[in-house]
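I opened this entry to look up where the model leaves empty space, and how far its coordinates can be trusted.

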Amino acid sequence: RSAQEMKHMENISSLLQGGSPGEYQRPDPKSEREAVAAPGEQPWEMIMDKKHFKLWRRPIEGTHLYQYRVFGSYTDVTPRQFFNVQLDTEYRKKWDSLVIKLDVIERDLATGSEVIHWVTHFPYPMYSRDYVYVRRYSVDKENNLMVLVSRAVEHPSVPEDPEYVRVRTYESQMVIRPHKTFDENGFDYLLTYSDNPQTVFPRYCVSWMVSSGMPDFLEKLHTAALKAKKMEIEVRDYMSAKPIESGGSEGKASMAAAEHKSDGTCSPAQLEYA
């Protein structure tokens, strides 16, 4: 589904471009909203149009919340580095100053899924939020795509902490399409995101926080990927970590067990560096 949404956005993006490179023809707002939405979907509203990305939002039915969508491009970093930087939790602790805690709680070797505990600062005067979510990633070399999906879950080893507000509704999907290959500069990406931060503020306040915080996050992510590309810092290469093919209980292991094997073999949890 993520791949289909990416293809739809690529088609829309090409329609919005003029005849010559960089020439942008802005349609009227109504036709643009209808174009961005897939057939039968609720229309999106563009709330930001920057050089490197566009940001849309739409109400989530039955709630006071919005779902957000970012479509953007970078030409000075490789898809592999951009992908790896998002997945490397240790590196994020260094480049994202909002992170209070970010740990992999459990890893399933059969599927590559990981359960993450993430605690992050929120703007004053709000309490810090914590998220427990499962993420899974896939590199589709045949279709030249990388996909990273996350959603909130419960996990017995991470009970609620009275110091933080637990966010129980959270979904994120990132699709990356290289312009050429995974190791050459240039790619488009599509980020679809929603969560319920459980604030007492009106919807427009929450929307303002997201729409102002999103560009800042993307810029920090881009800068971090550039540093990784220049080898200023080591980043784990998640593309080379292939999950075990066979399913079943024999493929499951906790992160601790997987990373403390001493038999000399290279398990999927023992990731190479790039």
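I began with the largest pocket of this predicted model, and found that about 940 Å³ of space lies in it. I then looked up the lining, which counts 38 residues, and noted that the closest to the pocket's centre are Arg-92, Trp-118, Tyr-193, Gly-213 and Phe-217.

Next I asked which elements supply at least two residues each of that lining. I listed helix H4 (89–95) and helix H5 (203–229), together with the strands S5 (114–120), S6 (129–140), S7 (145–152), S9 (170–178) and S10 (187–195). H5 gives the most, with 11 residues. When I sorted the lining of the largest pocket by residue type, I had 23 nonpolar, nine polar and six charged residues.

I followed S5 further and saw that it runs antiparallel to strand S4 (residues 99–107), with seven bridges joining the two. In this pairing Glu-106 stands opposite Val-115 in S5. S4 and S5 form a hairpin with six residues between them, and in the turn I noted Gly-112, which has a positive phi of about 85°.

Last I checked confidence: the mean pLDDT of the protein chain is 79, and 73% of its residues reach 70 or more. Among the elements, S5 has the highest mean pLDDT (97), whereas helix H6 (residues 255–259) has the lowest (41). I also marked residues 18–25, where the pLDDT is below 50 and the model has 14 contacts beyond near neighbours in sequence. Residues 243–274 likewise stay under 50, and here the model has 50 contacts beyond four places in sequence. I keep in mind that where pLDDT is low, the predicted coordinates should not be read in detail.

How values were computed:
Residues numbered from 1 in each chain as written. Predicted model: local features only at pLDDT ≥ 70, side-chain atom pairs only at ≥ 80, totals over all residues. Heavy atoms only, no water. 1 Å grid on protein atoms, 1.4 Å probe; cavity = no way out; pocket = protein on both sides within 12 Å on 5 of 7 lines; lining within 4 Å. Points joined across faces, edges and corners; volume = space filled by probe spheres on them. Helix = DSSP H or I, 4+ residues; strand = E, 2+ residues; numbered from the N terminus. Nonpolar A, V, L, I, M, F, W, Y, C, P; charged D, E, K, R; others polar. pLDDT = per-residue confidence, 0-100. Contact = heavy atoms within 4.5 Å. Pairing = 2+ DSSP bridges.
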